[in-house]
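Please open the model in the viewer and keep the sequence panel visible. The tour proceeds by selection, one site at a time.

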Amino acid sequence: MEQSGDWMGTPYQIGGTTRDGIDCSAFTQVIYKEAFGIDLPRRVRDQKKVGEEVVADSMKPGDLVVFKTGVFFTNKQHIGIYLSDNKFIHASSSKGVTISSLDEAYWRKKYRSSRRLISESGDVTSTSVASQ
């Protein structure tokens, strides 16, 4: 997961996939490929279906963290990667790639689910990414 820190400060750009600008789902996609050799789908709505669901208080480094950030009838979603101590790294629309805390009221309210793709032994979990 050291690769994720190399992206700190990269600006947010909707649809972006490079260090010149990246969005949240491209960020998780790139980090999973670099760190674990796993090809994630491109969109949050597809990424949130891979792996195995885990409860918030059981998250481990590398788990995906999914949020619903839209208001009213919009279905806008956001995704990041859990680090530890209730912190996660993500491509924020206001701050670019940054580390935030799940203890912050905003993120606590918007949190929807967590997904585990890597087992404790370092293997891809039983719900393979390729089958999604």
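The stops below concern a loop threonine, a charge over a ring, and the aromatic pairs of this predicted model.

**First stop: T10.** Select T10, which is found in the loop between helix 1 (2-5) and strand 1 (17-18). Its relative accessible area is 6%, so T10 is buried, the cut-off being under 20%. Next, display the side chain of T10 together with the backbone of W7: a polar atom of that side chain lies 2.7 Å from the backbone oxygen of W7. Then show the surroundings. Beyond its neighbours within four places in sequence, T10 is in contact with T18, R19, G21, I22, G96 and V97.

**Second stop: W7 and R19.** Keep R19, one of the residues in contact with T10, and add the ring of W7. The charged end of R19 sits over this ring, 4.1 Å from its centre.

**Third stop: Y32 and F36.** The structure holds 7 aromatic pairs. One of them joins Y32 and F36: the ring centres are 5.1 Å apart and the planes stand at 50°, so the pair is tilted. Both residues belong to helix 2 (residues 24-36), where a spacing of 4 residues separates them by about one helical turn. Which of the labels buried, partly exposed or exposed applies to each residue? Y32 is buried, with a relative accessible area of 0%, whereas F36, at 31% relative accessibility, counts as partly exposed.

**Final stop: the aromatic cluster.** Select F67, F88, Y106, W107 and Y111 together; these residues form one aromatic cluster.

Note on methods. Residues numbered from 1 in each chain as written. Predicted model: local features only at pLDDT ≥ 70, side-chain atom pairs only at ≥ 80, totals over all residues. Heavy atoms only, no water. Helix = DSSP H or I, 4+ residues; strand = E, 2+ residues; numbered from the N terminus. Buried < 20%, exposed > 50% of the residue type's maximum accessible area, 1.4 Å probe, protein only. Polar contact = N/O pair within 3.5 Å; in protein donor to acceptor, adjacent residues only side chain to side chain. Contact = heavy atoms within 4.5 Å. Phe/Tyr/Trp six-rings, centres within 6.5 Å; stacked < 30°, edge-to-face > 60°. Lys NZ or Arg CZ within 6 Å of the ring centre and 35° of its normal.
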